[in-house]
Amino acid sequence: MEIDLPEDLTQRLKQRAASGMSEIDVIRQGLDALDWQDGERLAIQEGIEAMAAGQVGDFHEFDRQFRQQHGIAPDAS
């Protein structure tokens, strides 16, 4: 596959590559970052939908159980 990049992207790619990364690694990291953002957006959307559907629990109870399970002292505040 060949892709013609606009000059601004070509310059940005060259700048990143000049720091020691290969151009392929720069592109790979950019795509990895986009994949991570997509996953974060999906998780947030699922949380919003669960909240709208009433599928939520009390945060303080969750916090208490989580701290107890992981040996974390109760919040002093």
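## Salt bridges along the helices

Arg 41 and Asp 38 join their side chains in a salt bridge, 2.9 Å from N to O. The term covers a side-chain nitrogen of Lys or Arg within 4 Å of a carboxyl oxygen of Asp or Glu. Both Arg 41 and Asp 38 sit in helix H2, 3 residues apart, about one turn of the helix. Helices here are DSSP runs (H or I, at least four residues; strands would be E, at least two), numbered from the N terminus. Asp 38 counts as partly exposed because its relative accessibility is 43%; the cut-offs are under 20% relative accessible area for buried, over 50% for exposed, and partly exposed in between, with a 1.4 Å probe and protein chains only.

This is a predicted model, so local features need pLDDT of at least 70 and side-chain atom pairs count only at pLDDT 80 or more, while totals for chains, interfaces and linings use all residues. Residues are numbered from 1 along each chain as its sequence is written, and side-chain values use heavy atoms, with hydrogens and water left out.

How many salt bridges does a search of the whole structure find? The count is 4. One of them pairs Arg 28 with Asp 25 at 3.3 Å, N to O. These two are 3 residues apart in helix H2, so about one helical turn separates Arg 28 from Asp 25. Arg 28 is partly exposed at 46% relative accessibility, and Asp 25 is partly exposed too, with a relative accessible area of 34%.

## Helix H3 and its start

Helix H3 has a salt bridge as well: the side chains of Arg 64 and Glu 61 meet at 2.6 Å, N to O. Arg 64 and Glu 61 are 3 residues apart in H3, which means about one helical turn lies between them. Arg 64 comes out as partly exposed at 42% relative accessibility, and Glu 61 as partly exposed at 33%.

What caps the N-terminal end of H3 (residues 59–69)? That job goes to Asp 58, with a side-chain oxygen 3.3 Å from the backbone nitrogen of His 60. For reference, a polar contact is a pair of N or O atoms within 3.5 Å; within protein, one must be able to donate a hydrogen and the other to accept it, and residues adjacent in sequence count only if both atoms are side-chain atoms.

## Helix lengths and the glycines that follow

H2 has 30 residues and spans 44 Å from its first C-alpha to its last, close to the 44 Å expected at 1.5 Å a residue. The expected span is 1.5 Å times one less than the number of residues. Helix H1 (residues 7–18) does much the same on its own scale, with 12 residues reaching 16 Å, close to the expected 16 Å.

Now for the glycines. H1 is followed by Gly 20, whose phi is positive, near 115 degrees. After H2 comes Gly 54, with a positive phi near 80 degrees. Just after H3, Gly 71 takes a positive phi of about 65 degrees.

## The largest pocket

The largest pocket holds about 420 Å³ of space. The elements giving two or more residues to its lining are H1 and H2, and H2 provides the largest share, 6 residues. Among the lining residues are Leu 9, Leu 13, Met 21, Ile 27 and Leu 34. By class, the lining has 8 nonpolar, 2 polar and 2 charged residues.

Some bookkeeping on those terms. On a 1 Å grid over the protein atoms alone, a pocket is an open set of points with protein on both sides within 12 Å along at least five of seven lines, whereas a cavity is a set where a 1.4 Å probe fits but cannot get out; lining residues have an atom within 4 Å of a point. Points are joined across faces, edges and corners, and the volume is the space filled by probe spheres set on them. Nonpolar means Ala, Val, Leu, Ile, Met, Phe, Trp, Tyr, Cys and Pro, charged means Asp, Glu, Lys and Arg, and the others, Gly among them, are polar.

## Ile 24 and the segment after H3

Is Ile 24 buried or exposed? Ile 24 counts as exposed, at 52% relative accessibility. Ile 24 belongs to helix H2 (residues 23–52), and its C-alpha lies 21 Å from that of Asp 38, 14 residues away in sequence.

His 70 is in the segment after H3 and is partly exposed at 48% relative accessibility. Its C-alpha is 28 Å from that of Gln 37, 33 residues apart along the chain. Ile 72 is also found in the segment after H3, partly exposed at 40%.
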